[in-house]
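Colleague: I am new to this structure and would like a close look at a single part of it, beginning with cross-linking and going on to the strands and side chains. Please take your time and connect one point to the next.

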Amino acid sequence: NSFPQPTTVLTVENGMRPPYAQNWNFSVQHSLPGNYLLDVRYIGNKGTRLPRMIEANPAVYQPGATSGNADQRRINAGCHGADAPCDFASVGLITDSTNSTYHAGQAALTRRFANGLAFVGSYTYSKSLDYVSTFNVAGSAPRLVAGENDLAQNPFNLNAEHGPSLFDARHRFVFSGSYEIPFRVTKMRLARALFAGWQINTIANFSSGTPFTVYDSANVALQGSSPEITGFYSSRPNLISDPNTGPHTADSWVTRSVFTSLNPQTQAGQFGNEGRNAVRGPGIANVDLSLLKSFRLGENSRVQFRAECFNIANHANFGLPDNDVASPNFGRVLESGAPRLFQAGLKFIF
């Protein structure tokens, strides 16, 4: 059999071992007067030998390098002369070379159901670090779909990829509760049927923003493509000031002025100094409410009425901004979460 040259390969590291995770926690609980419970805890997690994809046949920059001769500059190209075809192009290698850590402090206040009221409110302060948070999530897509690239910027320095996890939200507050609306007892059966037994439920979620990486599609580093890992280059610009002090508006969540694109003539072959996931995206603020009541139809059947409102404040939960510094839309938020939604329904229970 003959194969087209150069050949693109996706393979697994020889002797790859299975990953494992270690978890530990410490908590203190204390009952408070009035059916309350306070829970304070620390949670830790460490992932070891986690899988990731790397470019195992990277191109080495040299005088005369262009984006067109990247395959000839690969360390294991196997070229048969200056104008002859080479044996190998990109080699995607799945390795067990990465780790992760997670540390969190949590505090929760719970009210046990009494007098028609029950709720749980919890706050988490956490920090999650790793070297890559996804595994081929973008595939050969031509742009980022999750805020970071599976491919390391510098294939010769994988340690430089250590940074916040893609899902690292430092602050998170969640509240859920249920309240039975009180109704004065009356002898009127119709009034009891209509106004008694109503229940209000709520779920509220507030979270600080998760990080993302700004990249430069211009590929000044002149690395070769890695289509079996990702469909775009992972080159980054230079970071000259704090990128998280921007105006944080939909039209300009992060400003271009805090980054400097590398010059293709004077800085060819170099990598930007921006760290992985150095920029924080928009946070989340959402409150859902529901109102429900059950009506008895017979001895063993009833119908439940539900009225629900999602995102009751109609708060705009922005998506991640365009993070290609070479794009005219860089820094702009182009999508957001769902607006306020209402729905009502009946549920028959037999």
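Modeller: The link between Cys79 and Cys86 is right-handed, with 85° about the S-S bond, and, like everything else described here, it belongs to a predicted model. The sulfur atoms of Cys79 and Cys86 are 1.9 Å apart, and the two residues form a disulfide; the count of disulfides comes to 1. A disulfide is a covalent bond between the sulfur atoms of two cysteines. The two ends of this link fall into separate classes of accessibility: Cys86 has a relative accessible area of 2% and is therefore buried, since buried means under 20%, whereas Cys79, with a relative accessible area of 31%, is partly exposed.

Another cysteine, Cys309, leads to the strands. Cys309 counts as buried at 6% relative accessibility, and it stands opposite Phe342 in strand 15. Strand 15 covers residues 341-349 and is joined to strand 14 by 9 bridges, the two running antiparallel. On strand 14, which spans residues 302-310, there is also pairing with strand 13, residues 284-296: 8 bridges join these two strands, and they too run antiparallel. Strand 13 passes into strand 14 by a hairpin of 5 residues. Two of the facing positions can be named, for Arg296 stands opposite Arg302 in strand 14, while Leu292 has Arg306 of strand 14 as its bridge partner.

Strand 13 has a further partner in strand 8, residues 199-207, and this pairing is antiparallel as well, over 9 bridges. Here Thr202 has Leu289 of strand 13 as its bridge partner. Following these pairings from one strand to the next, one can trace strand 8 to strand 13, strand 13 to strand 14, and strand 14 to strand 15. Elsewhere among the side chains, the charged end of Lys293 sits over the ring of Phe295, at 4.8 Å from the ring centre.

That ring brings us to the aromatic side chains, among which the count comes to 7 aromatic pairs. One of them is formed by Tyr36 and Phe119, whose ring centres are 6.0 Å apart and whose planes make an angle of 55°, a tilted arrangement. The pair links distant parts of the chain, since Tyr36 belongs to strand 3 (residues 36-55) and Phe119 to strand 5 (residues 117-130), with their positions 83 residues apart. In accessibility, Tyr36 counts as partly exposed at 23%, and Phe119 is buried because its relative accessible area of 17% is under 20%. Together with Phe175, Tyr36 and Phe119 form one aromatic cluster.

From strand 5, the loop that runs to strand 6 (163-164) contains Asn154. Asn154 has a relative accessibility of 18% and so counts as buried, the cut-off being 20%. A polar atom of the Asn154 side chain lies 2.9 Å from the backbone nitrogen of Phe156.

Conventions
Residues numbered from 1 in each chain as written. Predicted model: local features only at pLDDT ≥ 70, side-chain atom pairs only at ≥ 80, totals over all residues. Heavy atoms only, no water. Pairing = 2+ DSSP bridges. Helix = DSSP H or I, 4+ residues; strand = E, 2+ residues; numbered from the N terminus. Phe/Tyr/Trp six-rings, centres within 6.5 Å; stacked < 30°, edge-to-face > 60°. Buried < 20%, exposed > 50% of the residue type's maximum accessible area, 1.4 Å probe, protein only. Lys NZ or Arg CZ within 6 Å of the ring centre and 35° of its normal. Disulfide = S-S within 2.5 Å. Polar contact = N/O pair within 3.5 Å; in protein donor to acceptor, adjacent residues only side chain to side chain.
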